[in-house]
Amino acid sequence: MTSEAAAPALVELTAVNKHYGSLHVLQDINLQVKRGEVVVVIGPSGSGKSTLCRAINRLETIDDGEIRIDGKKLPAEGKELARLRADVGMVFQSFNLFAHKTILENVTLGPIKVKGLSKAEADRQAMELLERVGVGHQAQKLPAQLSGGQQQRVAIARALAMKPKVMLFDEPTSALDPEMINEVLDVMVGLAKDGMTMIVVTHEMGFARKAADRVVFMSDGQIIEDSQPEEFFTHPKSERAKDFLSKILTH
Amino acid sequence: MDTLTENLELFTTGFKNTGILFIVSAFFALILGTVVAAMRVSPVPAMRGAGTLYVNTVRNMPLTVILAFFALGYPKLGLVPVNFITAAIIGLSLYTATYVAEAIRSGINTVPVGQAEAARAIGLPFMQSLTLVILPQAFRSVIPPLFNVFIALLKNTTVAAGFSVLEAGAIRANLSERGFPALTGLLWVALIFVILVIGVLSPLQRYFENKWRVAR
């Protein structure tokens, strides 16, 4: 991480709060992610990290506070919001590939309908992306015919096809069989190396160590720590982080 | 058999009009019903409210009352005059659309919420998420209840007989005037309806179910 304090943040959350009934799931969240930065969000389940990730492209609404992407405030419903979402790629835990469309169509739908690309051009770009994530030969199949790891790589290609400014990953490997986790992580590490701005909610500490610029530790709806990976894993400051790490790193 | 053969023109005209009522009403009910279903899942509260109000009022009115309004009440409003068959089509379409809307809405609810989230996440606006991602997946689970609705519509067309439309439901009355046994006529009408449902609608349903079957 270079120390350009003056560079404006690409994603900026200021005093964000959200409640689910009586549960205060996001408590006064302040977070800045610079262009090209890879931020890994970790924490125990129920800590609000997925909600945080989903709030950034407004799949979850927030009660108060402000979220800015590339300087622009997140709009409410409507065309404006749709346009902004096109700039924010999202990869889900359960892949969510369009079940009735082929792999190729999954990747070209956004570019054709949202960006107005011709089908030929969209197909060409999609095939490039599918080759890059290693599923080019599966282009004509339906999502259900692919393994989980392949589906998730297609989902990454689908998000990349929109040429997003930032990519959000909401526990991208949590629904995968162990032998498929690495094929997805490899693609993500590649993206990080290419300079993509990424916010990754994950339990994969290996990925955090290898690719993250910063680790954000959340617990009970709050950001408890925000530090560099090595520092976080070797010298966690808070008791809660120490407790969390002792539970997951002993195995 | 005489009742059928000697009044063949009565039966053909009757069932031709039944066919017209059915096909045209089914067409408009499908379109209107899909629009209303879309309104009921829309993010705009006013749209949701309007859709719900329409379904709950029209669905709870007896079809006879709705047809009576269009055949007898509507002409007195002094608006564009419509003939009885058009009035029947309007009434049947508006009535059936409420059932279509609810069938489609139930289908929309079977599509995992992640599909809509993924559609929104790549920047598709609400209408495109619905038409490109949600509805194509909803329609396939909606075929059986939708055909229920259409079979009911086919039989509901006979109510129009009460409002001067010469369709299958009116055959009995005409037979009586001509001195043929009404009961025999009714049995023929019933048989032809059964043949229409089993011979036409059911194969159509099977066709769509097979066509839209998805690899799971």
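**Close-up views of a predicted model**

**View 1. Asp28(A) sits in a strand, β2 of chain A.** This strand of chain A spans residues 23–34. The model shown here and in the other views is predicted. The backbone at Asp28(A) has a positive phi of about 45 degrees, although this residue is not a glycine. Most residues other than glycine have a negative phi. Is Asp28(A) buried, partly exposed or exposed? Its relative accessibility is 48%, so it counts as partly exposed; the exposed class starts over 50%.

**View 2. Lys163(A) is a loop residue with a positive phi.** The loop in question runs between α5 and β7 of chain A. Strand β7 covers residues 166–170. Phi at Lys163(A) is about 50 degrees, and Lys163(A) is not a glycine. Lys163(A) has a relative accessibility of 55% and therefore counts as exposed.

**View 3. Helix α5 of chain A is mostly covered.** How many of its residues are buried? The count is 13 of 13. The helix takes in residues 148–160 of chain A. From its first C-alpha to its last, α5(A) reaches 18 Å. That is close to the 18 Å expected at 1.5 Å a residue.

**View 4. Arg85(A) is a buried arginine in helix α2 of chain A.** With a relative accessible area of 3%, Arg85(A) is classed as buried because the limit for that class is under 20%. What does its side chain reach at 2.9 Å? The partner is the backbone oxygen of Asn57(A). Residues up to four places away in sequence are set aside in the contact list that follows. Within chain A, Arg85(A) touches Asn57(A), Arg58(A) and Leu59(A). In chain B, it touches Arg120(B), Ala121(B) and Gly123(B).

**View 5. The largest pocket is lined by 22 residues.** Its volume is about 520 Å³. Which elements give two or more residues to the lining? From chain A, the contributor is α2 (79–86). From chain B come α5 (84–110), α6 (113–121) and α7 (126–156). Nearest the pocket centre lie Val41(B), Pro43(B), Ala116(B), Arg120(B) and Phe126(B). One of these, Arg120(B), also appears in View 4 as a contact of Arg85(A). By residue class, the lining holds 14 nonpolar, four polar and four charged residues.

Note on methods:
Residues numbered from 1 in each chain as written. Chains lettered and ligands numbered in written order. Predicted model: local features only at pLDDT ≥ 70, side-chain atom pairs only at ≥ 80, totals over all residues. Heavy atoms only, no water. 1 Å grid on protein atoms, 1.4 Å probe; cavity = no way out; pocket = protein on both sides within 12 Å on 5 of 7 lines; lining within 4 Å. Points joined across faces, edges and corners; volume = space filled by probe spheres on them. Helix = DSSP H or I, 4+ residues; strand = E, 2+ residues; numbered from the N terminus. Nonpolar A, V, L, I, M, F, W, Y, C, P; charged D, E, K, R; others polar. Expected span 1.5 Å × (residues − 1). Buried < 20%, exposed > 50% of the residue type's maximum accessible area, 1.4 Å probe, protein only. Polar contact = N/O pair within 3.5 Å; in protein donor to acceptor, adjacent residues only side chain to side chain. Contact = heavy atoms within 4.5 Å.
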